[in-house]
Amino acid sequence: MYIILGSQHIEALRERHTVLELETFNFDGTPQTAWCVLSPDTIPVAVMPDMDRLIRLHEHLMENYNKGDYEQCKTALEY
């Protein structure tokens with residue numbers, strides 16, 4: 001797993017890796033997003049069939065987190 005800062009290479013990375021948004025914060029006065037990049041060889045085979053659902057769950061979690069809807073975040077974390 002790698003953590004990268006900035007969005008300039010995200011689309012290219014998505015061609016071969018799983019990329020998940022982590023946090024957006026100000027860095028030198030400019031909003032920057034941190035991303036988690038997972039290489040396919042680091043994901044257990046047993047998890048692969050469930051990856052699409054887990055990615056959607058993470059995206060839903062981040063959407064609610066960014067809106068400040070922490071109750072929905074708590075609900076998402078139960079899954």
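Biologist: Which residue in S3 is the bridge partner of Glu-21?

Modeller: That's Trp-35. Trp-35 also has Ile-4 standing opposite. Before we go on, this is a predicted model, where local features need pLDDT of at least 70, side-chain atom pairs count only at pLDDT 80 or more, and totals for chains, interfaces and linings use all residues. Residues are numbered from 1 along each chain as its sequence is written, and side-chain values use heavy atoms, with hydrogens and water left out.

Biologist: What makes S2 and S3 a pair?

Modeller: Two strands pair if DSSP finds at least two bridges between them. S2 and S3 (residues 30–38) have nine bridges, in the antiparallel sense, so they pass. One of the bridge partnerships joins Glu-23 to Ala-34 in S3. The two strands form a hairpin with two residues between them, and Asp-28 in that turn has a positive phi of about 55 degrees.

Biologist: And how do you know that S1 pairs with S3?

Modeller: By the rule we just used: S1 (residues 2–5) and S3 share four antiparallel bridges, and at least two are needed.

Biologist: How many helices and strands are there in the protein?

Modeller: Three helices and three strands, in the pattern β-α-β-β-α-α along the sequence. Both kinds are DSSP runs numbered from the N terminus: a helix is H or I over at least four residues, and a strand is E over at least two.

Biologist: Why is Ala-34 called buried?

Modeller: Buried means under 20% relative accessible area, exposed means over 50%, and partly exposed is in between (1.4 Å probe, protein chains only). Ala-34 has 10%, so it counts as buried. Across the protein, buried residues make up 25% of the 79 residues.

Biologist: Which residues is Ala-34 in contact with, leaving aside its neighbours within four places in sequence?

Modeller: Contact means heavy atoms within 4.5 Å. For Ala-34, the partners are Ile-3, Ile-4, Leu-5, Leu-20, Glu-21, Leu-22, Glu-23 and Phe-25. Ile-4 is 30 residues from Ala-34 along the chain, yet their C-alpha atoms are separated by 5.6 Å. In the protein, residues 24 or more positions apart account for 43% of the contacts with a separation of 6 or more.

Biologist: Which residues make up the largest nonpolar core?

Modeller: It has five: Leu-20, Cys-36, Leu-38, Ile-43 and Met-51. A nonpolar core is a set of buried Ala, Val, Leu, Ile, Met, Phe, Trp, Tyr and Cys residues joined through side-chain atoms within 4.5 Å, so these five meet that rule. Leu-20 touches Cys-36 and Leu-38, and its other contacts beyond four places in sequence include Trp-35, Ile-55 and His-58. In soluble globular proteins, nonpolar side chains tend to be buried together.

Biologist: What makes the nonpolar surface patch?

Modeller: Leu-5, Phe-25 and Phe-27 do, covering about 260 Å². Patches take residues with over 30% relative accessible area and no salt bridge, joining like charges within 9 Å and nonpolar side chains (Val, Leu, Ile, Met, Phe, Trp, Tyr) within 5 Å. Phe-25, in strand S2 (residues 18–27), is partly exposed at 33%, so it clears the patch cut-off of over 30%.

Biologist: Why is the link between Arg-14 and Glu-11 called a salt bridge?

Modeller: A salt bridge needs a side-chain nitrogen of Lys or Arg within 4 Å of a carboxyl oxygen of Asp or Glu. In Arg-14 and Glu-11, the closest N and O atoms are 3.1 Å apart, so the pair qualifies. The two are three residues apart in helix H1 (residues 10–14), about one helical turn. Arg-14 is partly exposed at 37%, whereas Glu-11 is exposed at 55%.

Biologist: How many salt bridges does the rule give?

Modeller: Three. Arg-53 and Asp-50 come in at 2.8 Å, with Arg-53 partly exposed at 36% and Asp-50 partly exposed at 29%. Lys-74 and Glu-71 meet at 3.4 Å, N to O. Both lie in helix H3 (residues 70–77), three residues apart, about one turn of the helix. Lys-74 is exposed at 51%, and Glu-71 is exposed at 54%.

Technical notes
Areas by Shrake-Rupley, 256 points an atom, 1.4 Å probe, with all protein chains shown as cover.
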